[in-house]
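Student: I am new to this structure. Please pick one part, look at it closely, and then connect it to the rest.

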Amino acid sequence: MHYIVMDLEWNQPTSFNTPVFRQIGDSLLFEVIQIGAVKLDEQFRLLEEVSIPIRPTHYTSIHPRVKRMTHLGHEQLCDAPAFPEAMADFLQWCGEDFVFLTWGGDDVSVLKQNIDFFECGCEMPRMFDAQRYYAEAFELGVKQKSLKGAMEHLEIATDEQRDFHNAMHDAHYTALVLQKLPNPAGVLAHEQTPRKLCHNPRRTRFRITHTVPSVTEGLAGADVCTPECPTCKKATTLLTELTPQAPGKYVALSKCPQHGTLFIRVRFSQLPDGQRGLHLSVTPANSQNRAYVHTKVLQNQYKRKHGVPFDPEDLGRACDSNMPFEDM
Ligand SMILES: [Zn+2]
């Protein structure tokens, strides 16, 4: 049996509002643009490697962030095969008896969604997660570990000829990490199944009002700084600063001369195109809201005075992953 360490690069929609995303976004969130893989024998020795570029046929303009990271753009991909042909070539290269190893579960989920979307009709082999095995072997807990971090930890030198975020290079590096583990075959205890990917706005539990380039710019916007009274629709004046409540969450009080104190809540979420989604809610304030905001303001003043660092652009766990979508 061969171990195939597999890694993908994929393109993402440049916006949720494009006709193509509205049409297919539910069934294809990410379109694979490169398959990279390394074939290992049963002793985890490197046998051969492959890189298959893929021409996207649905999200045809490469997202700037993807291009920046992968160096794959229209020029590199325009003559490449489309996914079904590339996948067939890849499986032929894999051979007869093999399993897939990946770094984390994102790649198998994206691969499965592309196979289903393009109706390739191929069977997926058994798949195992090298990242989970690495984390277990060194008792690192469940938080996602970057491949680069694992290499630094294991003192594996990076190769100048091999940039990260190239599928073949990342597969190669994943193989080097596996070779360093006390018992590489132990990865077979970490079988994984693809997750169903879907664009899940419920994750944020709020409806995005509009998008902004950054939290800082969102907080400076007129809609947030002079929130509209829900009753008379007139601009109101903030009584307090917009005070952080949790990563990406802010509260404040404002006052409408006619309709009294208002409770302002602002929420930000990370969107796949690098923008931030903003939701603003303005409701009449009750005494609990007022007390809550005043407490938060005092806490925040105390933290600032004592120099507790705060980065408004850090949206917490939402930023950890390049997978802004959740399974159902
Ligand atoms: Zn009013």
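**Aromatic rings and their surroundings**

Tutor: Tyr173 is buried, with a relative accessible area of 0%. The cut-off for buried is under 20%, so Tyr173 qualifies. Keep in mind that this is a predicted model.

Start with the aromatic rings. Across the whole structure, a search finds 11 aromatic pairs. One of them joins Phe98 and Phe100. Their ring centres are 5.6 Å apart, and the planes meet at 50°. That makes the pair tilted, because its angle is neither under 30 nor over 60 degrees. How buried is each partner, in relative accessible area? Phe98 has 14%. Phe100 has 0%. Both values fall under 20%, so Phe98 and Phe100 both count as buried. Now bring Tyr173 back: Phe164 and Tyr173 form an aromatic pair too. Here the centres are 4.9 Å apart, with 35° between the planes. This pair is also tilted.

Which residues join Phe98 and Phe100 in one aromatic cluster? They are Phe90 and Trp93. The cluster thus has Phe90, Trp93, Phe98 and Phe100 as its members.

Next, look at backbone angles. Two residues have a positive phi without being glycine: Glu155 and His165. For Glu155, phi is about 55°. For His165, phi is near 65°. Where do they sit? Glu155 is in the loop between helix 7 (147–153) and helix 8 (167–180). His165 is in the loop between helix 7 and helix 8 as well. Is Glu155 exposed or buried? Glu155 is exposed, with a relative accessible area of 72%. His165 has 34%. The class "partly exposed" runs between 20% and 50%, so His165 belongs there.

Move on to the metal. Which residues coordinate the zinc ion? They are Cys229, Cys232 and Cys256 through SG, and His259 through ND1. The distances run from 2.1 to 2.3 Å. The angles among the 4 donor atoms are 104 to 115°, and the site is tetrahedral. For comparison, the ideal angle for four tetrahedral donors is 109.5 degrees. Along the sequence, the donor residues are spaced C-x2-C-x23-C-x2-H. One pair of donors links distant parts of the chain: Cys229 and Cys256, 27 residues apart. Cys229 is in the loop between helix 10 (222–225) and strand 9 (237–238). Cys256 belongs to strand 11, residues 249–256. Both Cys229 and Cys256 are buried.

Strand 12, residues 260–270, holds Leu262. Leu262 is buried, at 1% relative accessible area. Compare Leu262 with Arg195: they are 67 residues apart along the chain, and their C-alpha atoms are 42 Å apart. Leu271 is in the loop between strand 12 and strand 13 (276–284). At 7% relative accessibility, Leu271 also counts as buried. Leu271 and Glu85 are 186 residues apart in sequence, with 31 Å between their C-alpha atoms.

There is open space to look at, too. The second largest pocket has a volume of about 290 Å³. How many residues line the second largest pocket? The count is 16, and Pro244, Gln245, Asn300, Lys303 and Phe310 lie nearest its centre. Two elements give two or more residues to this lining: strand 10 (243–246) and helix 11 (287–305). Helix 11 supplies the largest share, 5 residues. By class, the lining has 7 nonpolar, 3 polar and 6 charged residues.

Finally, step back to the whole protein. It has 11 helices and 14 strands. Along its principal axes, the C-alpha trace spans about 75 × 45 × 35 Å. Of the 328 residues in the protein, 47% are buried. Tyr173, where we began, is one of the buried residues.

How values were computed. Residues numbered from 1 in each chain as written. Predicted model: local features only at pLDDT ≥ 70, side-chain atom pairs only at ≥ 80, totals over all residues. Heavy atoms only, no water. Donors = N, O, S within 2.8 Å, 3.2 Å for Na, K, Ca; no water. Tetrahedral: all angles 85-135°; square planar, octahedral: opposite > 155°, others 65-115°. Helix = DSSP H or I, 4+ residues; strand = E, 2+ residues; numbered from the N terminus. Buried < 20%, exposed > 50% of the residue type's maximum accessible area, 1.4 Å probe, protein only. 1 Å grid on protein atoms, 1.4 Å probe; cavity = no way out; pocket = protein on both sides within 12 Å on 5 of 7 lines; lining within 4 Å. Points joined across faces, edges and corners; volume = space filled by probe spheres on them. Nonpolar A, V, L, I, M, F, W, Y, C, P; charged D, E, K, R; others polar. Phe/Tyr/Trp six-rings, centres within 6.5 Å; stacked < 30°, edge-to-face > 60°.
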